[in-house]
Amino acid sequence: MNLKKLFCTLTVATLTAAAAFAQSQYVFTTKSSVNLRKAASIASAKAGTLTKGEMLPLVEETDGWYKVDVNGAPAFVSQSVASVCDANVPAEMFGKTLGSSEPWEKIRFEGSITITPVGKDHAVINMEWMRVNLPAESWNYMATVKDGKVVATHNLGMSWIDPDQPYETLMEEAEPLDTPLPVGFDEFNNTLYFNGAVFSEFE
């Protein structure tokens with residue numbers, strides 16, 4: 001990767017993370033992908049797509065549309081194909097293990113998520129998934145915690161890790177994510193949204 005491309009990649013990731021921390025709500029979709037528009041109309045030109053797993057900062061709601069922030073540029077998505085969740089994850093959700101309320105993918109049918117604090121400013125996000133005719137797997141991320149917002153910034157690998165280790169130890173083999181992954185929250189059933197998966201404390 002040349003320096004110019006690396007700079008652009010890091011700049012986009014930084015802007016995305018900054019936008020995630022600045023907002024109080026995210027817009028997401030449970031469909032594979034939906035269209036973003038340049039204006040609040042289905043006749044408006046396409047401004048990109050919102051895919052399952054993405055969360056875009058909500059700017060405002062207007063006439064059946066969500067206005068969102070896409071790396072600093074405005075776009076619109078219909079409320080008929082998207083939903084809103086809180087960006088702030090309550091402190092009482094840390095340390096709890098929540099079960100998946102639906103399959104993540106066809107082969108990943110049952111899972112769980114745990115967010116474990118690492119000091120005051122970070123947390124380890126662990127997802128465990130049962131797979132059809134395959135061994136279970138573990139997904140681990142390091143997240144930044146700021147003003148109640150939890151945003152995964154690094155991949156910690158798919159092997160078991162001890163989240164009680166010091167931050168510096170956990171980060172020794174961490175790899176930065178191309179795009180930060182925020183955690184969304186809904187007080188209904190204490191639901192967490194992360195990387196396209198949905199987890200709830202209560203069924």
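**Figure 1. A salt bridge joins the side chains of Lys96 and Glu201.** The closest approach, N to O, is 3.1 Å. The model shown here and in the other views is predicted. Lys96 sits in the loop between β7 (83-86) and β8 (97-100), and Glu201 in the segment after β16 (197-200), so this pair ties together parts that are 105 residues apart in sequence. Lys96 counts as partly exposed, with a relative accessibility of 29%. Glu201 is also partly exposed, at 29%. The structure holds four salt bridges. Side chains of opposite charge can pair when their charged atoms come close.

**Figure 2. Glu137 and Arg108 form a salt bridge through their side chains.** The N to O distance is 2.2 Å. Glu137 belongs to strand β11 (residues 134-146) and Arg108 to strand β9 (residues 108-118), so the contact ties together parts that are 29 residues apart in sequence. Both Glu137 and Arg108 are buried. For Glu137 the relative accessibility is 8%. The limit for a buried residue is under 20% relative accessible area.

**Figure 3. Four residues share a network of salt bridges.** The members are Glu105, Arg108, Arg131 and Glu137. Glu137 pairs with Arg131, and here the closest N and O atoms are 3.2 Å apart. Glu137 also meets Arg108 in a salt bridge at 2.2 Å. Glu137 is a buried residue, at 8% relative accessibility.

**Figure 4. Strand β9 carries Ser112.** Ser112 is buried, with 18% relative accessible area. Which residues does Ser112 contact, leaving aside its neighbours within four places in sequence? Thr97, Leu98 and Gly99 are among them. Asn126, Met127 and Glu128 are also in contact with Ser112. Phe199 completes the list.

**Figure 5. Thr116 also lies in strand β9.** Thr116 counts as buried, at 18% relative accessibility. Residues up to four places away in sequence are not counted in what follows. Thr116 touches Ala123 and Val124. Pro163 and Asp164 are its other contacts.

**Figure 6. Met171 is placed in the loop between α2 (167-170) and β13 (175-182).** Is Met171 buried or exposed? Met171 counts as buried, with a relative accessibility of 18%. Its contacts, apart from neighbours within four places in sequence, are Met142, His154 and Leu156. Tyr141 is 30 residues from Met171 along the chain. The C-alpha atoms of Met171 and Tyr141 are separated by 9.9 Å.

**Figure 7. The largest cavity has a volume of about 100 Å³.** How many cavities of 30 Å³ or more are there? The count is one. The lining of the largest cavity is made up of 14 residues. Phe28, Thr29, Gly53, Gly196 and Ala197 lie nearest the centre of the cavity. Strands β15 (191-194) and β16 each supply at least two lining residues. By class, six residues of the lining are nonpolar, five are polar and three are charged.

**Figure 8. Asn189 and Asn195 have positive phi values.** Asn189 is not a glycine, yet its phi is about 60°. This residue is placed in the loop between β14 (184-186) and β15. Asn189 counts as partly exposed, at 22% relative accessibility. For Asn195, likewise a residue other than glycine, phi is near 55°. Asn195 has its place in the loop between β15 and β16.

**Figure 9. The whole protein chain has two helices and 16 strands.** This overview gives the setting for the close-ups. The chain has 203 residues, and 44% of them count as buried. Consider contacts between residues at least 6 apart in sequence: 47% of these join residues at least 24 apart. The accessible surface of the chain comes to about 11,100 Å². Carbon and sulfur atoms account for 52% of that surface.

Definitions and conventions:
Residues numbered from 1 in each chain as written. Predicted model: local features only at pLDDT ≥ 70, side-chain atom pairs only at ≥ 80, totals over all residues. Heavy atoms only, no water. Helix = DSSP H or I, 4+ residues; strand = E, 2+ residues; numbered from the N terminus. Buried < 20%, exposed > 50% of the residue type's maximum accessible area, 1.4 Å probe, protein only. Contact = heavy atoms within 4.5 Å. Areas by Shrake-Rupley, 256 points an atom, 1.4 Å probe, with all protein chains shown as cover. 1 Å grid on protein atoms, 1.4 Å probe; cavity = no way out; pocket = protein on both sides within 12 Å on 5 of 7 lines; lining within 4 Å. Points joined across faces, edges and corners; volume = space filled by probe spheres on them. Nonpolar A, V, L, I, M, F, W, Y, C, P; charged D, E, K, R; others polar.
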